[in-house]
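User: Please examine the model shown below and answer some questions on its fold, its core and a chosen residue.

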Amino acid sequence: MSDNKKRELQVAALENGTAIDHIPPEQLFKVAYLLQLEKLVDKTITIGNNFYSKKMGRKGVIKIANKFFGKDEISRIALVAPNVILNEIRDFEVVKKYPVTLPDELVALVKCNNPKCITNNEPMATRFTVLDKEKGTIKCRYCERKINKEDIIIK
Ligand SMILES: [Zn+2]
């Protein structure tokens, strides 16, 4: 079997569902957490890590059979893993393929790192406006605190 063929087999072979590809290996389980995979109790899920990648050396892959994500559901993973590629597969064919980018707003996902912020003192959901989807800069809707990607704390 050719090397190319072997590599295809590592990530292909999903009849219907979603394959999330090019996940940085160290972020794989954070991505699984953000997708709330533990709640998909009736889905067949394959999680693989440290596959060979021409582009990034090593990568993680998550495949979920018979599951298609809404944009808001999937876009949150850009918080921990930018440039991840989402593949939607129907009848063994990739029908959609696109890089995952941050949504316009993050609700109840990120902790505000301002201790005086109302969201840290009242039982309420945090809301952040995404200022820069490339750089991952976000701003708290309540206290206006700007947070850079590297300082983002996921709840
Ligand atoms: Zn705040």
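The questions and answers below go from the whole chain to single residues.

Analyst: This is a predicted model, in which local features need pLDDT of at least 70 and side-chain atom pairs count only at pLDDT 80 or more, while totals for chains, interfaces and linings use all residues. Residues are numbered from 1 along each chain as its sequence is written, and side-chain values use heavy atoms, with hydrogens and water left out.

User: In what pattern do the helices and strands of the protein chain follow each other along the sequence?
Analyst: Helices (H or I, at least four residues) and strands (E, at least two) are DSSP runs, numbered from the N terminus. The protein chain holds three helices and eleven strands. Along the sequence, their pattern is α-β-α-β-β-α-β-β-β-β-β-β-β-β.

User: What percentage of the residues in the protein chain is buried?
Analyst: Buried denotes under 20% relative accessible area, exposed over 50%, and partly exposed in between (1.4 Å probe, protein chains only). Of the 155 residues in the protein chain, the buried share is 41%.

User: Which element gives the largest share of the largest nonpolar core?
Analyst: A nonpolar core is a set of buried Ala, Val, Leu, Ile, Met, Phe, Trp, Tyr and Cys residues joined through side-chain atoms within 4.5 Å. The largest one has 33 residues, and Ile20, Ile62 and Ile77 have the most contacts inside it. Two or more residues each come from strand S1 (17–23), helix H2 (28–34), strand S3 (57–65), strand S8 (127–132) and strand S9 (137–140). The largest share, four residues, is that of H2.

User: Where does this core lie with respect to domain 1 and domain 2?
Analyst: The domain bounds come from an automatic or database domain assignment. Because domain 1 (3–99) and domain 2 (105–154) both give residues to this core, its place is between them.

User: Which residues of helix H2 (28–34) are in contact with Ile62?
Analyst: Contact means heavy atoms within 4.5 Å. Neighbours within four places in sequence aside, the contacts of Ile62 include Thr18, Ala19, Ile20 and Ile23. Helix H2 spans 28–34, and the contacts of Ile62 in that range are Leu28, Val31 and Ala32.

User: Is Asn50 buried, partly exposed or exposed?
Analyst: Asn50 is placed in strand S2 (residues 45–53). Apart from neighbours within four places in sequence, Asn50 is in contact with Pro25, Arg58 and Lys59. Its relative accessibility is 42%, so Asn50 counts as partly exposed.

User: How far apart in space are Asn50 and Asn113?
Analyst: In sequence, Asn50 and Asn113 are 63 residues apart. From C-alpha to C-alpha, their separation in space is 32 Å.
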